[in-house]
Amino acid sequence: MRPPHFRLNSFLSPNPLDDSRFMSQSALIDRRTVIDWLGIMPFMIFALLFLILPTLYLVGGAFLTPDGDFTFKNIADLFSPNIVSAYWISIKVSIASSLGGAVIGFFLAWAIVMGGVPSFVRSGLLTFSGVASNFAGVPLAFAFIATLGRTGLVTVLLRDLIGFNLYSTGFNLLSFLGLTITYMFFQIPLMVLILTPALDGMKREWREASEILGASTWQYWRMIALPILWPSLLGTTLLLFANAFGAIATAYALTGSSLNIVPILLYAQIRGDVLHNPNLGYALALGMIVITGLSNVLYIWLRSRAERWQK
Amino acid sequence: MSFLSLSHIQKSFGQVQVVRDFNMEIEKGEFVSFLGPSGCGKTTVLRMIAGFETPSGGTITVAGKNQSGLKPNQRNIGMVFQAYALFPNMSVFDNVAFGLKVAGRSKDEIDSRVKEMLSLIKLEHLAERFPYQLSGGQQQRVALARALAPKPQVLLLDEPLSALDAKIRVSLREEIRMIQQQLGITTVFVTHDQEEALSISDRIVVMNAGSADQIGAPAEIYNRPATRFVASFVGTLNLIEAKVTDPVANRISIGDQGVTLREPLGPVKAGDTVSLALRPEAGSIAEGAKGDTALAGEVVSSNFLGSVVRTRMRVGASVISFDMFNNPGLVPPAVGETVTLRFTASDLLIIRD
Amino acid sequence: MKSTRFLAWLAIAVGAIYFIVPLIGTFEFSLRMRRGEYSFDAYHSVFSDIQFRSTFGFSMLMALFTIIFGMLLVVPTAYWVRLRLPKLRPVIEFITLLPLVIPAIVIVFGYLRLYNSSSFLPLTNSTSGTNMLLVFSYMTLSLPYMYRAVDTAMRMIDVATLTEAAESLGAKWPTIMFRCIFPNVMSGVLSGAFITFAIVMGEFTMAALLNRPAFGPYLQLVGANKAYEPSALAIIAFAITWLSMGLLQLVSRFQKTAPVKA
């Protein structure tokens with residue numbers, strides 16, 4: 001990397017404090033370090049301006065009154081029934097869709113890796129998963145309205161063919177269950193995509209070694225396979241959780257602002273200060289960061305425990 | 001009936017028949033090696049003994065009990081795999097204890113048995129380590145201890161040394177043999193390395209294209225190869241084409257040099273071609289070397305291999321290699337020089353296929 | 001073994017139903033516009049909508065800018081980190097993964113407060129400033145995918161050796177970057193580009209809150225006001241996603257088979 005080095009070097013020097021005749025080794029190293037750091041400055045500045053500062057601004061604002069005084073009142077106000085219920089529904093939908101996505105995604109990944117199905121099924125499912133995991137947002141809501149909405153294909157078919165009225169059971173696409181089912185459409189493929197390589201990494205010999213040592217299939221899964229897969233399973237589930245927790249477009253297109261989940265509440269607050277306190281909006285955002293952040297801390301902690309047998 | 005008996009074993013994968021009519025009787029406490037190139041079916045036979053593959057035909061019995069229909073986990077067989085296959089999420093201790101744990105043994109029993117096994121492989125001090133913290137040789141020793149811990153009736157070793165460094169390979173194979181003899185456990189060892197098979201087996205099965213070409217003690221396999229395949233696969237061997245000159249007197253000629261064979265030629269007539277085999281170490285070009293037969297030839301090349309110098313000379317249409325033990329005073333023959341190789345006529349084997 | 005295979009097929013059948021039924025449902029619904037018979041009227045209506053063309057074009061343009069500026073930011077950084085600051089890799093990786101942790105709506109909320117008319121950098125004051133902010137927000141969103149794709153491609157070539165080779169031939173800094181590094185990580189750049197394209201085309205939150213006429217908010221608007229067009233749009237969006245992912249697969253296959261020129 002010498003050429004850019006020299007040019008940047010000459011650009012930076014002369015340093016008035018530096019007597020070039022006695023320039024020491026350490027000064028050289030220091031200068032080199034400065035150059036090294038300069039190389040990633042654009043990235044750091046970008047991350048600071050468009051990722052870290054905006055977030056910190058909200059975090060700071062959560063602890064201020066509109067007049068700029070320090071306060072815990074915004075945080076305390078988060079515990080009003082309306083906001084608590086929004087968080088609660090969001091958390092429930094996120095947990096349900098991430099667990100559902102994790103379980104079904106796990107079985108699908110298992111089926112294509114270990115189930116002995118033809119390879120075209122595997123490549124087909126993986127390709128489809130790549131598409132479906134990115135098929136989120138507004139169009140996904142449209143798809144489910146057309147399928148499970150009041151005049152959706154499945155609803156109509158169930159009614160006309162077997163006389164089963166889905167909506168008389170209390171089902172509603174604009175509810176907790178409906179949102180969970182919709183979210184799982186991108187959660188499952190994501191799980192498949194992340195877990196398939198992990199399952200591919202399971203050596204056949206582990207299975208055979210456990211078998212020849214007398215273990216049953218169940219014992220193999222309980223004592224060997226699941227402990228080995230645990231970090232990826234857990235990590236992906238928590239990723240799915242954060243993914244669902246922050247998602248707004250699907251829910252908004254599906255329900256308008258009728259469903260009281262945190263991202264929609266925050267969206268409404270940004271648009272029109274429905275909470276009548278801008279700083280309470282910051283606190284709402286802080287709450288979201290804390291929850292997704294916590295799920296990541298939990299993931300890192302659990303993984304470090306589960307991975308003590310790895311490097 | 002012998003302890004482990006394989007009779008008329010067949011195995012096909014789809015249209016491909018990988019094992020055909022394989023027969024083998026193994027005595028209790030015997031160490032038998034399956035030797036052959038990759039794809040010869042040796043690993044498939046081993047996996048059928050373990051129960052990972054179901055024979056398409058034939059029966060396997062262990063201690064008089066027919067194994068067909070038994071799952072691997074019902075057979076009480078120990079197995080060591082090529083790629084260690086230690087459970088990465090368990091310590092050395094837990095790996096060795098695994099078979100005992102799933103068998104529901106008491107904690108005290110597990111404890112003492114694992115300690116016994118670890119002292120057998122001399123790794124007591126590494127009991128709490130995880131597999132990734134061990135060298136390949138150590139991992140394979142742990143795998144051996146793990147396989148032996150539940151006191152299996154038979155121990156299967158599937159190319160256990162092929163992933164290791166040359167030096168560790170030699171020391172570990174000696175260790176395996178020592179432990180095997182100490183425990184008196186019936187062992188089947190699969191390898192493609194003839195030196196490995198020759199050095200540690202009671203008997204060797206040389207396999208070729210799904211069936212056994214020859215079964216015998218190492219010395220027998222080496223000195224009296226039954227087929228051209230065995231002769232060429234086990235050790236280095238010169239294959240010499242010779243012409244029969246006098247079938248009654250056992251006279252043949254190599255190039256234009258006449259040789260009298262010890263072994264009867266059998267039903268051939270003058271002018272027929274026969275294949276002969278000669279080990280590189282059978283002859284010598286030294287002054288006053290012993291031997292009732294001599295062949296003269298022109299040196300084609302001379303390679304220094306460490307403990308020996310391998311020289312190739314041309315005799316008629318054949319090229320014959322021979323080895324000389326290295327010593328500081330040895331002067332290898334120069335290329336183009338004519339040398340005379342002396343050997344005993346009984347070392348010339350007739351290869352009949 | 002038989003029960004394993006049965007369970008495997010069962011899982012795949014359940015998955016297939018779950019995935020395919022909504023697509024069939026959507027397609028069927030999109031054909032229902034003309035009463036009593038199936039027709040492509042909904043598609044016709046969508047394509048003849050001026051709004052559709054202008055928002056689609058706008059999002060395409062934004063995606064293009066996002067990909068260009070994103071790569072100009074990510075490739076040199078990944079290169080520099082691999083070459084000179086390998087110790088910093090975990091930190092950089094952590095930063096690139098942050099957008100998966102901090103919800104998009106929170107990030108854009110921060111932008112609105114930080115870059116409003118009274119701030120040190122009043123980007124939201126002008127249309128072009130807001131468009132810039134939108135591109136930056138998309139760059140942030142796609143950062144995890146772009147960085148991962150480029151870094152993976154860079155792992156496959158030995159950047160240090162490549163750089164030394166270029167230097168020994170007298171190449172200068174821009175030459176090294178644009179003639180040696182970029183072409184060699186092209187597969188990573190392209191995979192990152194396609195996934196970015198898929199993300200940007202459907203993105204709703206950022207564009208809606210920044211009040212830009214992008215495809216995502218347009219979709220939402222149509223969904224709120226029309227009956228059959230949304231289904232047609234969903235099918236179109238799915239096709240776009242499929243196209244980007246198909247190209248991505250093609251590129252990654254090319255990456256695996258092509259010999260690495262180093």
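According to an unreviewed UniProt entry, chain A carries the feature "transmembrane region" at residues 40–65, 85–113, 125–153, 173–199, 220–241, 247–268 and 280–302. The model is predicted. Chain A is in contact with chain C, and the points below cover two of the annotated spans and that interface.

**Annotated spans of chain A**
- Residues 85–113 of chain A are 100% helix and 0% strand, with 41 Å between the end C-alpha atoms.
- For residues 280–302 of chain A, the end C-alpha atoms are 32 Å apart, and the span is again 100% helix and 0% strand.

**Extent of the interface between chain C and chain A**
- The contact involves 80 residues of chain C and 78 residues of chain A.
- About 7,200 Å² is buried between the two chains, and 80% of this area is on carbon and sulfur atoms.
- C:Tyr18, C:Phe19 and C:Phe109 account for 10% of the area that chain C buries against chain A, more than any other three residues.

**Polar and charged pairs**
- The rule finds 1 salt bridge across the interface of chain C and chain A.
- C:Arg84 and A:Asp36 form a salt bridge, in which the closest N and O atoms are 2.9 Å apart.
- Between chain C and chain A, 12 residue pairs are in polar contact, both residues being at pLDDT 80 or more.

**The side of chain C that touches chain A**
- Helix H1 of chain C (residues 2–30) contributes 18 residues to this side, the largest share.
- By residue class, this side of chain C has 57 nonpolar, 17 polar and 6 charged residues.

Note on methods
Residues are numbered from 1 along each chain as its sequence is written. Chains are lettered from A and ligands numbered from 1 in the order in which they are written. This is a predicted model: local features need pLDDT of at least 70, side-chain atom pairs count only at pLDDT 80 or more; totals for chains, interfaces and linings use all residues. Side-chain values use heavy atoms; hydrogens and water are left out. Contact means heavy atoms within 4.5 Å. Buried area is the accessible area (1.4 Å probe) that two parts lose on being put together, summed over both. A salt bridge is a side-chain nitrogen of Lys or Arg within 4 Å of a carboxyl oxygen of Asp or Glu. A polar contact is a pair of N or O atoms within 3.5 Å; within protein, one must be able to donate a hydrogen and the other to accept it, and residues adjacent in sequence count only if both atoms are side-chain atoms. Helices (H or I, at least four residues) and strands (E, at least two) are DSSP runs, numbered from the N terminus. Ala, Val, Leu, Ile, Met, Phe, Trp, Tyr, Cys and Pro count as nonpolar, Asp, Glu, Lys and Arg as charged, and the others, Gly among them, as polar. UniProt positions are given in the numbering used here, feature names are shortened, and annotations may be inferred rather than shown by experiment.
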